[in-house]
Amino acid sequence: MPLTTFIETFGAGAAFLSRGPGRVNLIGEHTDYNGGYVLPAAISAEVQLVFRPSDDQTVDLVSLDFNHRDSFDLDHLVETDRKDWLKYPMAVAWALQEEGYALRGIKGAMKGSVPIGSGLSSSAAVEVAVCMALCHAAELKVPREKLARICHKAEVEYVGLKVGIMDQFASLLGRKGHVLFLDCTTSDNDLVPLDESKARIVVCDSRIRRELTESPYNERRRECAAAFKLLQRHLPDIKTYKDLSIPEFKNYADGLPETLRKRARHVVTENGRVLHGVRALKTGNLIMFGALMDASHDSLRDDYEASCPELDILVELARDVHGTYGSRLTGAGWGGCTVSLVRPDAVEEFTRRVSEGYKAQTGRSAGIFVFSPAEGATVERILP
Ligand code: ADP
Ligand code: MG
């Protein structure tokens with residue numbers, strides 16, 4: 001906890017702690033911007049912000065990870081082209097004010113354990129921790145779904161990244177022992193139990209980084225939109241991909257050019273796998289859920305062409321371990337991480353075999369993180 005730095009910088013007195021967890025998506029990949037379903041969990045890697053309200057309109061923050069102190073004035077929050085860590089706190093303050101909330105300054109010290117840029121959404125973790133702190137300081141009572149939309153708006157409109165709503169929803173609405181079933185078109189959501197005694201969520205970082213701008217991400221978005229337009233000619237009632245059943249899709253798939261057919265097939269079948277996966281988890285059928293994760297990866301590799309050799313190696317190594325329910329790439333793909341669901345008693349062997357195998361086959365060291373679904377964001381008083 002960044003409490004020592006907080007006291008050293010801002011002096012003794014009352015202190016509060018807000019936390020924003022990172023997240024990992026268990027199934028439902030490339031469905032968010034295609035009008036579909038996702039199934040993320042909040043994780044125990046999080047951003048913590050120790051803070052106290054101040055008497056003025058200044059947000060004065062120390063980042064322990066960036067080893068830097070900086071501030072901004074809530075009354076003069078303008079568009080900025082700065083790109084550093086303070087942009088995210090500024091974005092959240094801006095978005096809250098845009099929604100009409102009157103804010104009060106804070107002094108705070110922030111530290112995170114969500115690896116940055118690994119696909120676990122450290123950015124949402126920061127946004128959510130800051131948002132909780134600003135709301136607490138200004139004594140605002142805002143429903144969590146609204147906070148998630150505000151943090152999302154901050155990232156899209158102020159930071160300028162066209163992301164889906166999943167990260168902020170997972171960080172705010174996630175619960176211990178549960179995953180969050182989220183409809184990205186309506187933001188309808190539901191908690192689904194994931195029994196901690198039966199499974200751990202293991203994230204393996206390939207340490208291959210692809211900038212989304214360089215990756216075929218935008219091309220996939222265009223392909224999916226083009227395929228959908230063609231399908232709508234036959235099915236004028238469908239508004240988004242989730243309105244399209246697998247049999248309906250099959251009826252008209254032959255009329256699509258091959259590449260578009262593959263991209264659309266991934267989206268349609270992936271939405272089906274999320275729905276099926278939710279039913280599997282509700283009945284405690286982790287074997288079935290794992291098989292759906294495996295099928296998701298195969299679809300992302302073959303139809304969406306969003307994998308890369310290193311991710312495929314991680315997935316194969318994971319599946320070879322007795323006690324792995326399922327394994328797939330998570331996040332956009334073309335690098336980044338895989339997610340595996342693993343029996344708790346098999347995690348040690350999993351970690352050893354995947355690390356050794358990955359090193360032997362690629363010469364790289366994988367980052368391996370073991371999580372259980374964690375409680376969404378909180379704020380509490382820690383010093384009177
Ligand atoms: P990710 O995939 O992890 O969300 P992003 O590029 O979307 O990666 O966001 C990373 C940015 O979020 C960082 O460059 C920084 O501005 C901010 N950030 C993440 N973690 C922290 C942290 N612990 N402290 C301060 N800022 C952070
Ligand atoms: Mg991010």
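Hi everyone, let's start with strand β10, residues 324–330, which is mostly covered: 7 of its 7 residues are buried. Please keep in mind that what we have on screen is a predicted model.

What does β10 pair with? Its partner is strand β11, residues 337–342; the two run antiparallel, with 6 bridges joining them. To pick out one pair you can find on screen, G326 has L341 as its bridge partner in β11. Now follow the chain around the turn. The hairpin of β10 and β11 has 6 residues between the strands, and there G331 takes a positive phi near 85°. While we are on strands, a general reminder: in a regular strand, side chains alternate between the two faces of the sheet.

Next, the cysteines, since somebody at the bench always asks. How many disulfides are there? The count comes to 0. C151 is in no disulfide, and its nearest cysteine sulfur, the one in C131, is 3.8 Å away. The cut-off here is 2.5 Å between the sulfur atoms. Is C151 buried or exposed? C151 counts as buried, because its relative accessibility is 0%.

And why does C184 not form a bond? Its closest cysteine sulfur belongs to C224 and is 14 Å off, so the distance is too great for a bond. C184 also counts as buried, because its relative accessibility is 13%.

Let's move on to ligand 1. There are 14 residues around ligand 1, and those that come nearest are D65, Y88, G117, S122 and S123. Two of these use side chains that I'd like you to look at. In D65, a side-chain N or O atom is 2.8 Å from a nitrogen atom of the ligand. In S123, a side-chain N or O atom is 3.0 Å from an oxygen atom of ligand 1. The backbone joins in as well: an N or O atom from the backbone of G112 sits 3.5 Å from a ligand nitrogen. How much of ligand 1 does the protein bury? Taken alone, the ligand exposes 570 Å², and the protein buries 82% of that.

Where do the shell residues come from? β6, residues 106–112, and α3, residues 122–137, each supply at least two of them. α3 gives the most, with 3 residues. Sorted by class, the shell around ligand 1 has 7 nonpolar, 6 polar and 1 charged residues.

That's my tour for today. Thanks for listening, and I'm happy to go back to any part of the model!

Methods:
Residues are numbered from 1 along each chain as its sequence is written. Chains are lettered from A and ligands numbered from 1 in the order in which they are written. This is a predicted model: local features need pLDDT of at least 70, side-chain atom pairs count only at pLDDT 80 or more; totals for chains, interfaces and linings use all residues. Side-chain values use heavy atoms; hydrogens and water are left out. Buried means under 20% relative accessible area, exposed over 50%, partly exposed in between (1.4 Å probe, protein chains only). Helices (H or I, at least four residues) and strands (E, at least two) are DSSP runs, numbered from the N terminus. Two strands pair if DSSP finds at least two bridges between them. A residue is near a molecule or strand if one of its heavy atoms lies within 4 Å of it. A polar contact is a pair of N or O atoms within 3.5 Å; within protein, one must be able to donate a hydrogen and the other to accept it, and residues adjacent in sequence count only if both atoms are side-chain atoms. Accessible areas come from the Shrake-Rupley method with a 1.4 Å probe; for residues, only the protein chains shown count as cover. Ala, Val, Leu, Ile, Met, Phe, Trp, Tyr, Cys and Pro count as nonpolar, Asp, Glu, Lys and Arg as charged, and the others, Gly among them, as polar.
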